[in-house]
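Hi,

Here is the structure I said I would pass on. Have a look at it first, and then read my notes below.

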Amino acid sequence: MRAALDEARAALTHDDVPVGAVVVRNGEVLAARHNERELTGDPTAHAEVLALRDAAAVIGHWRLDDCTLVVTLEPCAMCAGAMVNARLGHLVYGATDPKAGAAGSRFDLVDSTLLNHRVPRTVGVLAEECGRLLVDFFAARRQAGATDT
């Protein structure tokens, strides 16, 4: 999770929401990414999707059933769907997302019996630190908006 937090902080350099993700297999980091929506203008450039893509490229196939994704924020529906489609072996996340979380908070796509794969998960790893990064980011944005008017 520390590596994912480092990635999340890297997103701040281009004013993206500070979310970081790392894909690990057998103790080896295959991919480490952060949100790049603002940087690239790509609405799908979430840390999780980018990390899954990179890990699949390293492995040479799309099945990530022997991999763990570690992410600072509970995945959204798009990212949770990508994890199911990648047959991800395990998900670890820090802060929950009561507004858009799709791994247990708002929705539960990763453990849905309606889908063809279920992703085991570990929740709340360094949750306070992960959450604080996001709270501080959005507080600064609100403050900047108040001074711009």
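Let me start with Arg 87, which sits in the loop between helix 4 and strand 4 (helices being DSSP runs of H or I with at least four residues, strands runs of E with at least two, both numbered from the N terminus). Before going on: this is a predicted model, where local features need pLDDT of at least 70, side-chain atom pairs count only at pLDDT 80 or more, and totals for chains, interfaces and linings use all residues. Residues are numbered from 1 along each chain as its sequence is written, and side-chain values use heavy atoms, with hydrogens and water left out.

Back to the loop. Arg 87 is not a glycine, yet its phi is positive, about 55°. Most residues other than glycine have a negative phi. Arg 87 counts as buried because its relative accessibility is 17% (buried is under 20% relative accessible area, exposed over 50%, partly exposed in between, with a 1.4 Å probe and protein chains only). Asp 15 also has a positive phi, near 60°. You'll find Asp 15 in the loop between helix 1 and strand 1, and at 41% relative accessibility it is partly exposed.

Helix 4 itself has Cys 79, Ala 80, Gly 81, Met 83 and Val 84 buried. Helix 3, strand 3 and strand 4 are among what covers them. Cys 79 is at 0% relative accessibility, so it counts as buried.

Any cysteine pairs to report? The search of the whole structure came back with zero disulfides (a disulfide being two cysteine sulfur atoms within 2.5 Å). The closest cysteine sulfur to that of Cys 76 is in Cys 79, but it is 3.7 Å away, so the two are too far apart for a bond.

Now the core. The largest nonpolar core has 43 residues, and Val 23, Leu 64, Leu 69, Met 83, Leu 88 and Leu 91 touch the most other members. (A nonpolar core is a set of buried Ala, Val, Leu, Ile, Met, Phe, Trp, Tyr and Cys residues joined through side-chain atoms within 4.5 Å.) Two or more residues each come from helix 1 (2–11), strand 1 (20–25), strand 2 (28–34), helix 3 (47–59), strand 3 (68–73), helix 4 (77–85), strand 4 (90–95) and helix 5 (127–148). Helix 3 gives the most, seven residues.

Leu 88 is a good one to click on. Leaving aside neighbours within four places in sequence, its contacts (heavy atoms within 4.5 Å) are Leu 52, Leu 64, Asp 65, Cys 67, Thr 68, Leu 69, Met 83, His 117 and Val 119.

Then there is the largest pocket, with a volume of about 550 Å³. Its lining has 21 residues, and Val 17, Leu 73, Asp 97, Leu 134 and Phe 138 lie nearest the centre. Helix 5 supplies the largest share of that lining, five residues. (On a 1 Å grid over the protein atoms alone, a pocket is an open set of points where a 1.4 Å probe fits, with protein on both sides within 12 Å along at least five of seven lines; lining residues have an atom within 4 Å of a point. Points are joined across faces, edges and corners, and the volume is the space filled by probe spheres set on them.)

Lastly, Ala 32 lies in strand 2 and is partly exposed, with a relative accessible area of 31%. Not counting residues up to four places away in sequence, Ala 32 touches Glu 7, Ala 21 and Val 22.

Cheers
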